[in-house]
Amino acid sequence: MKKKNMTRWAMIIPATVVLAFVLLYPIGNTIWLSFRREHLLRPTMNAFVGFQNYSYILQSSDFLQSLKVTAYFTGVSVFIEFVIGLFTAILLNQDFKMKAFLRVLVVLPWAIPTVANGVMWQWIFDTNYGALNGLLSQLGLISEYVNWLGTPFGALNSVIIADIWKNCWFFTIVLLGALQAIPKNYYEAAYVDGAGFWKKLFKVTLPLLKPAIAISLVLRISEAFKAFDIIYIMTKGGPANGTQVLSYYVYHTAFESLRMGRGAAISTVVTALILIIAIIFTNVLMREEVDLSA
Amino acid sequence: MKKLNVLFLVSLLVLFALTGFSKETIKVISSDDFAAFRREVIPEFEKLYPDIEVELTSVGYNQLYQKEVTSLIANPKAYDVIDVDCIWTPEFVTLGLLEQIDDRLTPEMKEEIIPSVMTILQYGGKTYGLPMFDDVLFFYYNEKMLEEAGLSEPPTTYDEFVSFSKTIMDKGLAKYGSVWGWAQAEGLICYYTQLIGAFGGKFFDENGYPAFNSGGGLEALKWMVDSIYEYGVVDPSSITSDDRALLHGVANGDVPFGFDWSFAWTIFNDPEQSTQVGNIKVGLCPTGKDGIVSNTSSGSMGFAITKQSEHKDAAWKFISFLASKEMQKQQAIDYGAMPVVESLYSDPEILELHPEFGPMLSQLSYVTDRPSLVSYNEVSRILQIYIQRALTKDMEPKEALDAAAKEIVDLLKEYGEIN
């Protein structure tokens, strides 16, 4: 018995050591850094400062602005992505001729690297040479070219559109997988009881998709909450910091201003926020048993 | 016999190792802009010094500062030679990243290199590197469009700049009068420096406190905002373009006016990148105030040797090779870069191939430098954001500059740069 135990431990140890190095140490070090003033360019000023970094952040208008931008970006993009993803998943779950081809097609945008996607949309939105202005003016919808990325709010919405185009298919793929696991006879029974499309959606499909929805939402929300690459490529946080999401704020503080302590404090706050959101979502959506009697 | 064989093999190995190691490798980091030229001449340098090997890395200008600082702080020996923009010198010297080179300067260098360009790598009376080109923002105008609009001369004041733009736009020759690089990046501060000097303002007063939020500094920003919304002569996409992106507008003939660095000339006259070959001329940047002839912003860069480098002699050979008269001449001819060697400005071969150097040279007498501060990078970032707030009409110009001034004072106080 004892020998068996030893073997178990021996087998776990290598993975634990690796994880300790690549996960526990960086996380612990980040939290430790967040209590220090650690300025790469002013090493003489480095010191332990307790909660000073945190109190600075919470009072800073930049942080509040970034939090708002991030919340808007996450809320709007994930919600629209979810709705598009759900309905395309339902559509692709039907029997029709092009089904297999379309299923492959939806994976394509999702498989494009974010950087390539960002550059592509940057050109689509370009004021003078962009495809969007070209299309809209040829259709006669606009008389003058619009500078889509030129206002803080316009740029934010443009980045959201680029993000939706790429990421809504994630929901399609996950939800389509879950839809295929729902037995057909549930729908037949609902049909016999006289349920229409919407009733079937709300009474059968959605309740049975709950676990898949919860997992995909948590994954996408936490991903959108820390979005960085698409912002870096398309707007660099501008104009006038209108698209400076929290991750970009961390990047700017830690790697452009080289204030490591403050940067670590912001990323700790961001991590805590994502953790809270994830806990709420998994609890609300996954706790209840699925009940089809209602 | 066997023993002898082994001995022979071992000595052969040692010999190989020695010859391998005797070749010194210097690591150089450069901005993308002139990396092509530098890469091109490395074989020539290596032929001259067969025992030195050059390893050149290049990144875009906007990533350069961060790449250099983080690499050198993590590993002080990461590079032997780094590309330094004039605004970084005070900070890099204070951080102890650069090797002082006063003792290495030869009498010819002291005589040949233009003194005002040499200052970009000087701090506290000491020299820390050699300039590689002498660059400012030049005023490029489309002569053909001006003629078609019935205008004989380029504008000399910003009022004329606006009215000429309107004339050209009214005749349907161009969509806008000009496009600028006012995106949230260092280029924005260069353009603001050009205008602040033209409107007679300055960044800081004698005591080191911000002075840009009144007088010429405020007028410059007001003009920027008005030129977009009030006069409608500046392409609004200027808010999201940088000094690389605006080249398209001028090269395509979409706008008659643009301000950019010397390398723009080569692009405007390259048939593969431009439809306006031969039409673009260089004029003096306009002025915004009586008594000021013209003003532009400097943007020269140079190579410096890192303090912890183990190959300082080899590194010096490389940078003095690039600053030599021959290389400066080749760089001017092939890439249109303004040379740092004074005598080259009267070189007949260069002048024949680059007729624009004449008017460019006259611009060099009207230059304002960006502020020289140890914490320049953070100060610049604050200014960029607030100027953008005004440009996107999120704030009034006065309100934005006041807010920027307040944040900059807090920052400079934190670092003890002012009391």
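I took two aromatic rings of Phe, Tyr or Trp as a pair if their centres lie within 6.5 Å, with the six-membered ring standing for Trp. The model I examined is predicted.

**Entry 1. Aromatic rings**

With that criterion I looked for clusters and noted one formed by Phe139(B), Tyr141(B), Tyr158(B), Phe161(B), Trp180(B), Trp182(B), Tyr191(B), Phe199(B), Trp223(B), Phe257(B) and Phe259(B). I then searched the whole structure and recorded 48 aromatic pairs over all chains. In chain A, I looked up Phe228(A) and Tyr232(A): the planes of their rings stand at 25° and the centres are 5.6 Å apart, so this pair is stacked. The cut-off for stacking is under 30 degrees. Phe228(A) is partly exposed at 25% relative accessible area, whereas Tyr232(A) counts as buried at 18%.

In chain B, I looked up Phe303(B) and Phe318(B), a tilted pair with 40° between the planes and 6.5 Å from centre to centre. The pair links distant parts of the chain, 15 residues apart, with Phe303(B) in strand β11 and Phe318(B) in helix α13 of chain B. I noted both Phe303(B) and Phe318(B) as buried.

**Entry 2. The five-stranded sheet of chain B**

I traced an open sheet of five strands in the order β2-β1-β3-β11-β6 (chain B), and its pairing is mixed. Why does one side of β2 and of β6 (130-133) of chain B lack a neighbour in the sheet? I found that β2 and β6 stand at the edges and have a single partner strand each, so one side of each is left free of a neighbour in the sheet. Averaged over neighbouring strands of this sheet, the turn of one against the other is 30°, direction ignored.

I looked at two of the pairings. Strands β1 (residues 24-31) and β2 (residues 52-59) of chain B run parallel and are joined by eight bridges. Between these two strands the chain passes through helix α2 (residues 35-48) of chain B, in a β-α-β crossover that is right-handed. Within β2(B), I found Val54(B) opposite Ile26(B).

Towards the other edge, β6(B) and strand β11 (residues 301-305) of chain B run antiparallel, with three bridges between them. Here Leu130(B) stands opposite Phe303(B), the residue I had already met in the tilted pair.

I then listed helices packed on the sheet. Helix α3 (residues 61-74) of chain B touches β1, β2, β3 (81-85) and β11 of chain B, and its direction makes about 140° with that of β1(B). Helix α13 (residues 312-323) of chain B touches β1, β2, β3, β6 and β11 of chain B, at about 40° to the direction of β6(B).

**Entry 3. The three-stranded sheet of chain B**

I traced a further open sheet, of three strands in the order β8-β7-β9 (chain B), with antiparallel pairing. Its edge strands, β8 (257-260) and β9 (280-283) of chain B, each pair on one side only. I recorded an average twist of 35° from one strand to the next.

Strand β7 (residues 138-142) of chain B is joined to β8(B) by four bridges, the two running antiparallel. Tyr141(B) stands opposite Phe257(B) in β8(B), and both names are on the list of the aromatic cluster. Helix α8 (residues 158-170) of chain B lies across β7 and β8 of chain B, at about 135° to β8(B).

I also looked up Glu143(B), which is placed in helix α7 (residues 143-148) of chain B. Glu143(B) is partly exposed at 30% relative accessibility. Its C-alpha is 6.0 Å from that of Ile280(B), although 137 residues separate the two in sequence. Leaving out residues up to four places away in sequence, Glu143(B) touches Asn279(B) and Lys281(B).

**Entry 4. Cysteines and Gly299(B)**

How many disulfides does a search of the whole structure find? I obtained zero over all chains. For Cys86(B), the nearest cysteine sulfur belongs to Cys190(B), 7.8 Å away, against a cut-off of 2.5 Å. Cys86(B) counts as buried at 15% relative accessibility, and Cys190(B) is buried at 3%.

Lastly I looked up Gly299(B), in the loop between β10 (296-297) and β11 of chain B. Gly299(B) is buried at 11% relative accessibility. Beyond four places in sequence, its contacts include Cys86(B), Asp85(B), Phe133(B) and Arg370(B).

Note on methods. Residues numbered from 1 in each chain as written. Chains lettered and ligands numbered in written order. Predicted model: local features only at pLDDT ≥ 70, side-chain atom pairs only at ≥ 80, totals over all residues. Heavy atoms only, no water. Pairing = 2+ DSSP bridges. Right-handed = clockwise from strand over helix to strand, strands pointing away. Buried < 20%, exposed > 50% of the residue type's maximum accessible area, 1.4 Å probe, protein only. Axes fitted to C-alpha atoms, helices over the stretch in contact; angles between N-to-C directions. Contact = heavy atoms within 4.5 Å. Phe/Tyr/Trp six-rings, centres within 6.5 Å; stacked < 30°, edge-to-face > 60°.
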